[in-house]
Amino acid sequence: MTGQFELFTDEKMYFRFRLKAPDGTVVAISRPFSDKSAAVSGISAVREYAGLGLITDLCPEVPASGSSTWPPALDTAPAPTVSHVSDRPQPTAGTRPPATCPPAARRRGSAARPNKAA
């Protein structure tokens, strides 16, 4: 079974869509759209670009197992929670995000499909 897109209107009467997993879990919620056709175009874009999209690893390197220093203590406020796909914070050149990614979430892109520069 595949996921499902649901179109809906939010409390401010904007059109949005959510992507739900086969078990009903909400995986993502879109940004607000002013009309229904724009929201449907947004679904088409997600289908086109995210289907087999590569994963960009922004997590710091994980030390060898047995280290008592992992995860490192955060010396800054934790990163804001991303509630909408379009609100995802983008890294600034030359900086690294706080170390909030768990080791299990680390993945590398395929060598057969190198990342394209945006």
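**Exercise 1. Contacts and overall make-up**

What share of the contacts in the protein with a separation of 6 or more is accounted for by residues 24 or more positions apart?

*Solution.* Step one is to fix the term: a contact means heavy atoms within 4.5 Å. Step two is to read off the share, and residues 24 or more positions apart account for 44% of the contacts with a separation of 6 or more. Step three is to note the basis of the values: this is a predicted model, in which local features need pLDDT of at least 70 and side-chain atom pairs count only at pLDDT 80 or more, while totals for chains, interfaces and linings use all residues. Residues are numbered from 1 along each chain as its sequence is written, and side-chain values use heavy atoms, with hydrogens and water left out.

**Exercise 2. The order of elements**

State which secondary structure elements the protein has, and in what pattern they follow one another along the sequence.

*Solution.* Begin with the assignment, in which helices (H or I, at least four residues) and strands (E, at least two) are DSSP runs numbered from the N terminus. On that basis the protein has one helix and three strands, and the pattern along the sequence is β-β-β-α.

**Exercise 3. Building the sheet**

Work out how strands S1, S2 and S3 are arranged in the sheet.

*Solution.* First, two strands are said to pair if DSSP finds at least two bridges between them. Strand S1 (residues 4–9) and strand S2 (residues 15–20) run antiparallel and are joined by six bridges; among the partners, Gln4 is matched with Lys20 and Glu6 with Arg18. Second, S2 pairs with strand S3 (residues 26–29), again in the antiparallel sense, over three bridges, and here Arg18 stands opposite Ile29 while Lys20 stands opposite Val26.

Third, the result is an open sheet of three strands in the order S1-S2-S3, with antiparallel pairing. S1 and S3 are the edge strands, since each pairs on one side only. Neighbouring strands are turned against each other by 25 degrees on average, direction ignored, where axes are lines fitted to C-alpha atoms, for helices over the stretch in contact, and angles run from 0 to 180 degrees between N-to-C directions. Helix H1 (residues 36–50) packs on this sheet, touching S1 and S2, and its direction makes about 155 degrees with that of S1.

**Exercise 4. The two hairpins**

Identify the residues with positive phi in the hairpin of S1 and S2 and in that of S2 and S3.

*Solution.* The hairpin of S1 and S2 has five residues between the strands, and Met13 takes a positive phi near 70 degrees. Lys12 also has its place in the loop between S1 and S2; this residue is exposed, with a relative accessible area of 63%, given that exposed means over 50%, buried under 20% and partly exposed in between (1.4 Å probe, protein chains only). The C-alpha atoms of Lys12 and Pro32 are 9.2 Å apart, although the two residues are 20 apart in sequence. The hairpin of S2 and S3 likewise has five residues between its strands, and Gly24 in the turn has a positive phi of about 95 degrees.

**Exercise 5. Charged pairs**

How many salt bridges does a search of the whole structure find, and which residues are linked in a network?

*Solution.* The criterion comes first: a salt bridge is a side-chain nitrogen of Lys or Arg within 4 Å of a carboxyl oxygen of Asp or Glu. The search finds three. Arg18 forms one with Glu6, the closest N and O atoms being 2.7 Å apart; the pair links distant parts of the chain, with Arg18 in strand S2 and Glu6 in strand S1, twelve residues apart. Glu6 also forms a salt bridge with Lys20, at 3.5 Å between the closest N and O atoms. Glu6 lies in strand S1 and Lys20 in strand S2, so this pair ties together parts that are 14 residues apart in sequence.

Glu6, Arg18 and Lys20 are thus linked in a network. Within the network, Arg18 is partly exposed at 23% relative accessible area, as are Glu6 at 21% and Lys20 at 21%. Asp10 and Arg16 meet in a salt bridge of 2.8 Å, N to O, and both of these residues are buried.
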